[in-house]
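Open the structure in your viewer and keep the selection tool at hand. The stops below each say what to select and what to look for there.

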Amino acid sequence: MLEAPHRRPARFITFEGGEGVGKSTQVRRLLNNLSHYDIEAVRTREPGGTPKAEAIRAFILQGRSEPWGVGAEAVLFAAARHDHVTQLIAPNLAQGTWVISDRFADSTRAYQGLTGGVDDKLIDALETLALDGHTPDLTIILDMDPDVAFRRVEMRSIEDGLQATGDRFENEEIEFHRRLRQNFLDIARANPDRCVVITADQSEEELEAAIWSVITSRFPELNGRPLP
Ligand code: T5A
């Protein structure tokens with residue numbers, strides 16, 4: 001009998017951290033670097049990633065869910081995540097395609113749970129339901145002073161010719177973002193096998209190299225492969 005061709009395992013990697021720390025920039029760079037080694041990967045984001053989840057994203061980030069309270073928002077994020085996992089993440093992983101997500105379940109724990117005060121038990125239950133066993137293989141937490149990150153976001157708005165109006169969460173007080181930073185660090189401490197914290201206050205190229213070094217040391221199929 002012919003042996004089935006050996007297929008490399010698909011990896012699920014998530015990027016987390018506060019606003020403007022460089023997640024989207026590094027997700028794009030990682031996709032590009034993986035493609036140099038013929039690793040098929042999809043880039044996705046949360047909230048969002050599928051048409052239904054993107055509809056929930058617009059509803060929340062425009063502030064329309066705010067009157068419902070933070071607990072209901074946690075449920076909405078989980079509903080979006082459930083669709084994202086079942087319609088995009090799981091099918092891609094099953095066919096051998098890596099999935100790189102700009103935010104995932106740790107954001108609900110950090111924003112709605114630890115910062116917003118939603119009970120741990122509800123956050124745990126929503127996570128179990130939404131993930132359906134699809135825990136990331138690696139979570140990169142980009143960490144930096146939120147004041148510096150906010151200057152980046154303001155600069156982007158100016159460069160884009162937009163007024164710095166911000167979305168629902170960008171408009172929270174700086175103290176909220178300081179707490180959030182600490183909460184992501186606490187999540188990393190509680191999940192040392194999955195999470196790696198990287199200082200984000202460095203150039204895009206330096207950060208890209210630091211992330212590549214984590215990826216190549218974590219996944220044997222990329223062991224020793226230099227940054228393309
Ligand atoms: N949310 C989300 C919850 O409350 N609960 C949840 O469960 C989930 C999933 C999503 C919002 O929803 C909340 C969290 C968020 O508030 P979003 O817009 O998708 O909103 O997420 P943000 O994290 O806010 O996205 P940003 O685009 O603002 O931040 P990024 O992706 O971290 O940063 P990036 O890469 O876009 O870079 C920002 C700017 O900095 C520059 C870039 O060119 C860009 O202009 N930059 C750098 N400048 C200097 N040095 C570097 N190293 C740089 N890297 C990037």
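Begin by selecting Arg11 and Glu221 with their side chains shown: a polar contact of 2.8 Å joins the two side chains. The model is a predicted one. Arg11 itself belongs to the segment before β1, the strand that spans 12–17. Is Arg11 buried or exposed? Arg11 counts as buried because its relative accessibility is 15%, and the cut-off for buried is under 20%.

**Second stop: the segment after α8**

Now select Asn223, in the segment after α8. Asn223 has a relative accessibility of 59%, so it counts as exposed. Add Ser213 to the selection and draw a line between the two C-alpha atoms: Asn223 and Ser213 are ten residues apart along the chain, and the line should read 9.2 Å.

**Third stop: aromatic rings**

Stay with the segment after α8 and select Phe219 together with Trp98. The model holds six aromatic pairs. Trp98 and Phe219 form one that is edge-to-face, with 5.5 Å from centre to centre and 75 degrees between the planes. This pair links distant parts of the chain: Trp98 is in strand β3 (residues 98–102), Phe219 is in the segment after α8 (204–218), and 121 residues separate them. Both Trp98 and Phe219 are buried.

Which residues do ring pairs link into a cluster? Select Tyr111, Phe176 and Phe184 to see them; these three are joined in that way.

Next, select Arg81 and Phe104. Here the charged end of Arg81 sits over the ring of Phe104, at 5.5 Å from the ring centre.

Keep Phe104 selected and add Leu131. Leu131 is part of helix α5, which covers residues 120–131. With a relative accessibility of 6%, Leu131 counts as buried. In sequence Leu131 and Phe104 are 27 residues apart, while from C-alpha to C-alpha the distance is 9.7 Å.

**Fourth stop: the ligand**

Select the ligand and show the residues around it. The shell has 27 residues, and those that come nearest are Glu19, Lys23, Ser24, Thr25 and Thr108.

Look at three places where the ligand's oxygen atoms meet the protein:

- Thr25: an N or O atom of the side chain is 2.5 Å from an oxygen atom of the ligand.
- Arg103: an N or O atom of the side chain is 2.6 Å from an oxygen atom of the ligand.
- Gly22: here a backbone N or O atom lies 2.9 Å from a ligand oxygen atom.

Taken alone, the ligand exposes 1,000 Å², and the protein buries 86% of that.

Colour the helices to see where the shell comes from. At least two shell residues come from each of α1 (23–36), α2 (51–61), α3 (70–94), α4 (105–115) and α6 (146–159). Which helix gives the most to the shell? It is α4, with four residues. If you colour the shell by residue type instead, you will find six nonpolar, ten polar and eleven charged residues.

**Fifth stop: backbone details in the loops**

Hide the ligand and show the backbone. Select Glu46 and Pro47, where the connecting peptide bond is cis, with omega near -10 degrees. Pro47 lies in the loop between β2 (41–45) and α2.

Then select Asp38, in the loop between α1 and β2. Asp38 is not a glycine, yet its phi is positive, at about 60 degrees. Asp38 counts as exposed because its relative accessibility is 68%.

Go on to Asp132, in the loop between α5 and β4 (138–143). Asp132 is also not a glycine and has a positive phi, here about 50 degrees.

**Last stop: the end of the tour**

Select Asp137, which is found in the loop between α5 and β4. How does Asp137 count, at 32% relative accessibility? Asp137 counts as partly exposed because of that value; partly exposed is the class between under 20% and over 50%. Finally, add Phe12 and draw a line between the C-alpha atoms: Asp137 and Phe12 are 125 residues apart along the chain, and their C-alpha atoms are separated by 5.3 Å.

Conventions: Residues numbered from 1 in each chain as written. Predicted model: local features only at pLDDT ≥ 70, side-chain atom pairs only at ≥ 80, totals over all residues. Heavy atoms only, no water. Near = heavy atom within 4 Å. Polar contact = N/O pair within 3.5 Å; in protein donor to acceptor, adjacent residues only side chain to side chain. Areas by Shrake-Rupley, 256 points an atom, 1.4 Å probe, with all protein chains shown as cover. Nonpolar A, V, L, I, M, F, W, Y, C, P; charged D, E, K, R; others polar. Phe/Tyr/Trp six-rings, centres within 6.5 Å; stacked < 30°, edge-to-face > 60°. Buried < 20%, exposed > 50% of the residue type's maximum accessible area, 1.4 Å probe, protein only. Lys NZ or Arg CZ within 6 Å of the ring centre and 35° of its normal.
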